[in-house]
Amino acid sequence: MPDSVIVNAREYPWSAIGRLNTGGRGFCTGVLVDAYYVLADAHCLFYRTEGRWWQPNELHFVAGYQRDTNVVHARVSGYELAPGYRAHGGVSLASILNNWALLKLEKPLGHQTGWLGLKNLNRKLIQRIKKGRGALLQAGYRRNAPHAITLGLDCGPKGFFAAESRIGHRCQLKPGRADLPFLVYMDGKFNLVANHVISSITRQPPRTGPLASARFRTRLTRGESRAPESGATASPVPTSTISNLLETLGHSKSNEDARAAQVRETAIQSFEVSEGLPVTGKASLTLLGKILETVY
């Protein structure tokens, strides 16, 4: 498998990820965590050239953006910075641990795109990942690939420490990926990682997963991940992502149309047989998770 693949931003769970455009001068990745709310890096909201924070009316969130199309978009009506984040004063542990902001949109885009819940990366969850019963991923708009969502497949643990409640990794430090959020797949759902993911390269500034601040996490108790509603613009089933991954794994031939329903059904059945799963031939969010656990 390659280190990363381009996924269809108009399919859930990727449709919950979007580009937060800042005053026409830049962008960062944001993730819908509720119908109205987006989680993003706090530093993305600071306009360093002028030494000021972007105003809400200068911010625009585009969900499901894929090159020249998008699912839905909305302006930002306001935002809240995580306690402890400081834009000035250089790198500090407090700012690193609290480099997250919660933005409220003018429209409830989450009903059309779905959203992701939050999962604390605690010792129990880490043990399950070590046993292959989950997958840690990284997805978003890279600086070197700004017009499509890239899914990182090389975010596996490089080590465990602090009573095995923390994971050391390298994927976050690769060029163009430093700001991408972490996702975890487990038990049929995709969630954001809520804490305890740090860099394993000590020469670089340490980084952590979102919402290290317990005070800030309490603002996000809105529930579990949710796929798009029936009839929504985004697809609740990631069929093209499944087809592309199964082709890469050799379950369909490269000269076949991997988007065709019959070819996809045959490829899914081939994968299910190889993994000892019940043979259904049907694409689903759970199937995508099983594929990702296999390549993790």
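Two strands pair, in the sense I'll use today, if DSSP finds at least two bridges between them. Helices and strands themselves are DSSP runs, H or I over at least four residues for a helix and E over at least two for a strand, numbered from the N terminus.

Hi everyone. What you see is a predicted model, where local features need pLDDT of at least 70 and side-chain atom pairs count only at pLDDT 80 or more, while totals for chains, interfaces and linings use all residues. Residues are numbered from 1 along each chain as its sequence is written, and side-chain values use heavy atoms, with hydrogens and water left out.

Let's start with the overall picture. The protein has 7 helices and 17 strands. Of its 296 residues, 50% count as buried, and buried here means under 20% relative accessible area, with exposed over 50% and partly exposed in between, using a 1.4 Å probe and protein chains only. If we take contacts between residues at least 6 apart in sequence, 69% of them join residues at least 24 apart; contact means heavy atoms within 4.5 Å.

Now the open sheet. It has 6 strands in the order 1-12-11-15-16-10, with mixed pairing. Its edges are strand 1 (4–7) and strand 10 (117–119), each of which pairs on one side only. Neighbouring strands of this sheet are turned by 40 degrees against each other on average, direction ignored. For angles, axes are lines fitted to C-alpha atoms, for helices over the stretch in contact, and the values run from 0 to 180 degrees between N-to-C directions.

At one edge, strand 1 is joined to strand 12 (residues 145–152) in the antiparallel sense by 4 bridges. Which residue of strand 12 is the bridge partner of Val-7? That is Ile-149.

Please zoom in on strand 15, residues 182–186, where 5 of 5 residues are buried. Phe-182, Val-184 and Met-186 point one way, Leu-183 and Tyr-185 the other. As a reminder, in a regular strand the side chains alternate between the two faces of the sheet.

Strand 15 has antiparallel neighbours. Strand 11 (residues 135–142) is joined to strand 15 by 4 bridges, and Gln-138 has Phe-182 as its bridge partner. Strand 16 (residues 189–193) is also joined to strand 15 by 4 bridges, with Leu-183 partnered by Leu-192. The hairpin of strands 15 and 16 has 2 residues between the strands, and Asp-187 takes a positive phi near 55 degrees there. Helix 3 (residues 123–130) lies across strand 10 and strand 15, at about 75 degrees to strand 15.

There is a barrel as well. Here 6 strands close up in the order 2-3-4-9-8-7, with antiparallel pairing. Within the barrel, strand 3 (residues 26–32) and strand 4 (residues 37–40) share 3 bridges, and Leu-32 stands opposite Val-38.

Last stop: the helix pair. How do the axes of helix 6 (residues 261–274) and helix 7 (residues 285–295) cross? They come within 12 Å and cross at roughly 55 degrees. That angle makes helix 6 oblique to helix 7; angles under 35 degrees count as roughly parallel, over 145 as roughly antiparallel, 65 to 115 as roughly perpendicular, and the rest as oblique. Helix 6 contributes Ile-268, Phe-271 and Glu-272 to the contact, and helix 7 contributes Leu-287, Lys-290, Ile-291 and Thr-294.

That's my tour, thanks for listening!
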